[in-house]
Amino acid sequence: MNAMQISEYAQSLYRAHGGRAEAEAAQKARACEEAGNTGQAEDWRAIQAAIRSRRGALQG
């Protein structure tokens, strides 16, 4: 997943879940890791980080 896709997913997830978006991304990453889908888990961790940085910008 490229940086633009990560940003778009992060934005969509934040719109859908608000303050819970980061936790949702973390949950999806854990589920992927448990299923052995390390590539997808990395994508979800990147989405989680993008949400965290976006939240920081909005709160700062």
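**Salt bridges in a predicted model**

Let's begin with Glu-22, which is buried, its relative accessible area being 15%. The model you are looking at is a predicted one, and Glu-22 is a good place to enter it. Its partner is Arg-52: the two form a salt bridge in which the closest N and O atoms sit 2.8 Å apart. If you trace the chain between them, you will find that this pair links distant parts, with Glu-22 in helix 2 (residues 21–34) and Arg-52 in helix 3 (residues 38–59), 30 residues apart. The two ends differ in exposure: Arg-52 has a relative accessible area of 44% and is partly exposed, whereas Glu-22 falls under the 20% that marks a buried residue.

Now stay with these helices and look for Glu-33 and Arg-45. They too form a salt bridge, here with 3.4 Å between the closest N and O atoms. Because Glu-33 belongs to helix 2 and Arg-45 to helix 3, the pair ties together parts that lie twelve residues apart in sequence. Both partners are partly exposed, Glu-33 at 40% relative accessible area and Arg-45 at 32%.

For the next stop, go back along the chain to Arg-20, which forms a salt bridge with Glu-24. The closest N and O atoms of this pair are 3.5 Å apart. Arg-20 is partly exposed, with a relative accessible area of 48%, while Glu-24 is buried at 17%.

That completes the tour, as a search of the whole structure finds three salt bridges.

Key: Residues numbered from 1 in each chain as written. Predicted model: local features only at pLDDT ≥ 70, side-chain atom pairs only at ≥ 80, totals over all residues. Heavy atoms only, no water. Salt bridge = Lys/Arg side-chain N within 4 Å of Asp/Glu carboxyl O. Buried < 20%, exposed > 50% of the residue type's maximum accessible area, 1.4 Å probe, protein only. Helix = DSSP H or I, 4+ residues; strand = E, 2+ residues; numbered from the N terminus.
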